[in-house]
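Student: Before we look at anything, could you help me see how the words used for a protein model are justified by its values? I would like to go through them slowly, one term at a time.

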Amino acid sequence: MTRFRRTATAAAALAFTAAATAVLGFAGPASAHVTVNPKEATQGGYARVAFRVPNESDSASTTKLEVTLPEDAPVGSVSTMPVPGWTVATEKRKVDPPIDVHGSQLTEAISKITWTATGDAAVKPGQFQEFPVSMGPLPQVDTMVFKVLQTYSDGNISRWIEPPTPGAEEPEHPAPVLTLAPAAAPAGSAAPTVAASAVASSKDDEGNGLAVGLGVAGLVAGLAGLVLGGLAFARSRREPVVKA
């Protein structure tokens, strides 16, 4: 009986482990793909994002990273932050229509950024590296999808180039995605209208009040004149007439 219980317990533990692996996706390196952080920014603004690159290999190091910016969402200003031990190169492409950046019309935009490790700076197994980029003004689109190639020292290349599909599971090699939210309306944008209405209403009330006040004053003056006239008439009737 004891042996049966131990066998049943071991079988249950194995079943639980298998279920946890299936549900939680404990697939090891496959889940450690390149991402962009933060994952959200604002349309029309500037953002500092970092491409986070984990090393998935157990024996090779990451020696190069190539990030291609989306063709349908060009950005006028793109600059990189120095990463110790890595060189960076950029490529440009023509854009039509031009991009407006603070009143200047730009006909070229950065299309690709490539980082290459020098010396012993490669991302080793069990490590990750971030590659910061500043960009803007961000386009008026919902998302920016960056296609990324990650090259290893053994020649293997991980291609993180698959865009997400709404309502579907995450692809096997997902591309980093930056979600862009619409810019919020300027604070107090409706206040001038309300204030102007309040001022106009106040002026109307003042004008109406003044008119009413003048009307009342005129009525009082008229009544006072009638009273004085009546008193004078009554007095003249009471006084005797003096004959010459």
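Tutor: Let us begin with a cut-off: a residue counts as buried when its relative accessible area is under 20%, and as exposed when that area is over 50%. Please keep in mind throughout that this is a predicted model.

Student: Why is Tyr152 called buried?

Tutor: Tyr152 has a relative accessibility of 6%, and the limit for the word is under 20%, so Tyr152 counts as buried. Tyr152 is found in strand β10, which covers residues 147-152.

Student: How do you know that Ser158 is buried or exposed?

Tutor: The relative accessible area of Ser158 is 15%, and because buried means under 20%, Ser158 is buried. Its place is in strand β11, made of residues 157-160.

Student: What makes a residue a contact of Tyr152, and which residues are in contact with it?

Tutor: Contact requires heavy atoms within 4.5 Å. Leaving aside neighbours within four places in sequence, Tyr152 is in contact with Pro54, Asn55, Glu56, Ser57, Ala60, Ser61, Thr62, Thr63 and Ser158. Ser158, with residues up to four places away not counted, touches Glu56, Val148, Leu149, Gln150 and Tyr152.

Student: What makes the approach of the Tyr152 side chain to Glu56 a polar contact?

Tutor: The side chain of Tyr152 reaches the backbone nitrogen of Glu56 at 3.1 Å, and the limit for a pair of N or O atoms is within 3.5 Å, so this pair meets the distance limit for a polar contact.

Student: How far apart are the C-alpha atoms of Tyr152 and Lys124?

Tutor: These C-alpha atoms are separated by 9.6 Å, while the two residues are 28 residues apart along the chain.

Student: Why are β6 and β11 said to stand at the edges of their sheet?

Tutor: The open sheet has five strands in the order β6-β7-β4-β10-β11, with antiparallel pairing. Within that order, β6 (86-101) and β11 each have a single partner strand, so one side of each is left without a neighbour in the sheet. Direction ignored, neighbouring strands of this sheet are turned by 15 degrees against each other on average.

Student: How do you know that β6 and β7 are paired?

Tutor: Two strands pair if at least two bridges are found between them, and β6 and strand β7 (residues 104-117) have twelve bridges in the antiparallel sense, so the requirement is met. As for single residues, the bridge partner of Ala89 in β7 is Thr114.

Student: Which strands stand at the edges of the sheet with four strands?

Tutor: That open sheet follows the order β1-β3-β8-β5, and the pairing is antiparallel. Its edges are β1 (35-37) and β5 (77-80), each with a single partner strand, so one side of each has no neighbour in the sheet. On average, neighbouring strands here are turned by 30 degrees against each other, direction ignored. Further in, eight bridges join strand β3 (residues 47-54) to strand β8 (residues 128-136), and these two run antiparallel; the bridge partner of Ala50 in β8 is Pro132.

Student: How many aromatic pairs does the structure hold, and why is the one of Phe51 and Phe146 called edge-to-face?

Tutor: The structure holds three aromatic pairs. In the pair of Phe51 and Phe146, the centres are 5.2 Å apart and the planes stand at 80 degrees; because centres must lie within 6.5 Å and planes over 60 degrees apart count as edge-to-face, both parts of the name are justified. Phe51 lies in strand β3 and Phe146 in the loop between β9 (143-145) and β10, so the pair ties together parts that are 95 residues apart in sequence. Phe51 is buried, with a relative accessible area of 0%, and Phe146 also counts as buried, at 0%.

Student: What makes the pair of Trp115 and Phe131 tilted?

Tutor: Its planes are 45 degrees apart and its centres 5.1 Å; planes under 30 degrees apart would be stacked and over 60 edge-to-face, so the remaining word is tilted. The pair links distant parts of the chain, with Trp115 in strand β7 and Phe131 in strand β8, 16 residues apart. Trp115 counts as buried at 1% relative accessibility, and Phe131 counts as buried at 1%. Together with Trp86, these residues form one aromatic cluster.

How values were computed:
Residues are numbered from 1 along each chain as its sequence is written. This is a predicted model: local features need pLDDT of at least 70, side-chain atom pairs count only at pLDDT 80 or more; totals for chains, interfaces and linings use all residues. Side-chain values use heavy atoms; hydrogens and water are left out. Buried means under 20% relative accessible area, exposed over 50%, partly exposed in between (1.4 Å probe, protein chains only). A polar contact is a pair of N or O atoms within 3.5 Å; within protein, one must be able to donate a hydrogen and the other to accept it, and residues adjacent in sequence count only if both atoms are side-chain atoms. Axes are lines fitted to C-alpha atoms, for helices over the stretch in contact, and angles run from 0 to 180 degrees between N-to-C directions. Rings of Phe, Tyr and Trp (its six-membered ring) pair if their centres lie within 6.5 Å; planes under 30 degrees apart count as stacked, over 60 as edge-to-face and the rest as tilted.
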